[in-house]
Amino acid sequence: MWIDALIDDGDIAAAWTAAPGVATARQQLTRADHLADDRPAEALEVYLRAIEPLKTVTGDATYQEIARLLLRARNCHQHLGTTAEFETYLAGLRAEQKRKRNLMKILDQHGL
């Protein structure tokens with residue numbers, strides 16, 4: 001897809017604005033990763049949206065992905081000066097997912 005070509009060419013800004021409704025979830029995450037420092041609010045939205053469907057999936061690979069996304073979301077909140085909002089979100093996620101012991105363990109391992 002042409003969004004991948006823009007990313008491969010290093011034109012992340014163009015990839016960010018190119019057809020937002022067309023980009024796959026993976027492409028959106030790649031764009032967010034590249035622009036999180038410059039556009040933390042927009043990247044944060046992508047990360048939080050990506051976490052939602054993962055909440056219903058089990059398995060260590062999924063839990064590692066949730067932790068990775070949470071770390072990126074925390075970084076965005078730090079850039080935005082909204083760390084308290086992240087802590088509230090994380091506490092809610094932990095409460096909601098508390099029965100997933102391996103997820104809790106992985107979050108602990110990542111300092112989340």
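Let me begin with a term: a residue is called buried when its relative accessible area is under 20%. The model I am presenting is a predicted one, and I shall start with helix α5.

By that cut-off, the buried residues of α5 are Thr62, Tyr63, Glu65, Ile66, Ala67, Leu69, Leu70, Ala73, Cys76 and His77. What lies over them? The cover includes α3, residues 25-35, and α4, residues 40-54. It also includes α6, residues 83-96, and α7, residues 101-109.

The length of α5 can be checked as well. The helix runs over residues 60-80, which makes 21 residues. At 1.5 Å a residue the expected span is 30 Å, and the C-alpha atoms at the two ends are 30 Å apart, so the expectation and the model agree. Just after α5 comes Gly81, with a positive phi of about 75°.

One residue of α7 illustrates how that helix meets α5. Leu107 lies in α7, and Leu107 counts as buried because its relative accessibility is 0%. Setting aside residues up to four places away in sequence, Leu107 touches Ala67, Leu70, Leu93, Arg94 and Leu112. Of these, Ala67 and Leu70 are among the buried residues of α5. Ala67 and Leu107 are 40 residues apart along the chain, yet 5.9 Å separates their C-alpha atoms.

I turn now to the packing of α3. Two packed helices are described by the angle between their axes and the distance between the axes. For α3 and α5, the angle is about 40° and the axes are 12 Å apart. The crossing of this pair is left-handed. On the α3 side, Arg26, Leu29 and Asp33 make the contact, while α5 contributes Glu65, Arg68, Leu69 and Arg72. Which classes of residue are found there? The contact of α3 with α5 divides into two nonpolar, no polar and five charged residues.

With α4, the axis of α3 crosses at roughly 145°, and the two axes come within 9 Å. Here too, α3 passes α4 in a left-handed crossing. From α3, the contact involves Gln28, Leu29, Ala32, Asp33 and Leu35; from α4, it involves Pro40, Ala43, Val46, Tyr47, Arg49 and Ala50. By class, the contact of α3 with α4 holds eight nonpolar, one polar and two charged residues.

Finally, the charged pairs. How many salt bridges does the model contain? The count comes to nine. One of them joins Glu42 and Arg39, at 3.4 Å from N to O. Glu42 is partly exposed, since its relative accessibility is 34%, and Arg39 is likewise partly exposed, at 28%.

A second salt bridge pairs Glu45 with Arg49, at 3.2 Å from N to O. Both residues belong to α4 and stand four residues apart, about one turn of the helix. Arg49 has a relative accessible area of 42% and is therefore partly exposed.

A third links Glu52 and Lys55, whose closest N and O atoms are 2.9 Å apart. Is each partner of this pair buried or partly exposed? Glu52 is partly exposed, at 39% relative accessibility, whereas Lys55, at 12%, counts as buried. Beyond these pairs, salt bridges that share partners join Arg26, Asp33, Glu65, Arg68 and Arg72 into one network. Those five residues also appear in the contact of α3 with α5.

Note on methods:
Residues numbered from 1 in each chain as written. Predicted model: local features only at pLDDT ≥ 70, side-chain atom pairs only at ≥ 80, totals over all residues. Heavy atoms only, no water. Expected span 1.5 Å × (residues − 1). Buried < 20%, exposed > 50% of the residue type's maximum accessible area, 1.4 Å probe, protein only. Contact = heavy atoms within 4.5 Å. Axes fitted to C-alpha atoms, helices over the stretch in contact; angles between N-to-C directions. Left-handed = near helix turned anticlockwise from the far one by under 90°. Nonpolar A, V, L, I, M, F, W, Y, C, P; charged D, E, K, R; others polar. Salt bridge = Lys/Arg side-chain N within 4 Å of Asp/Glu carboxyl O.
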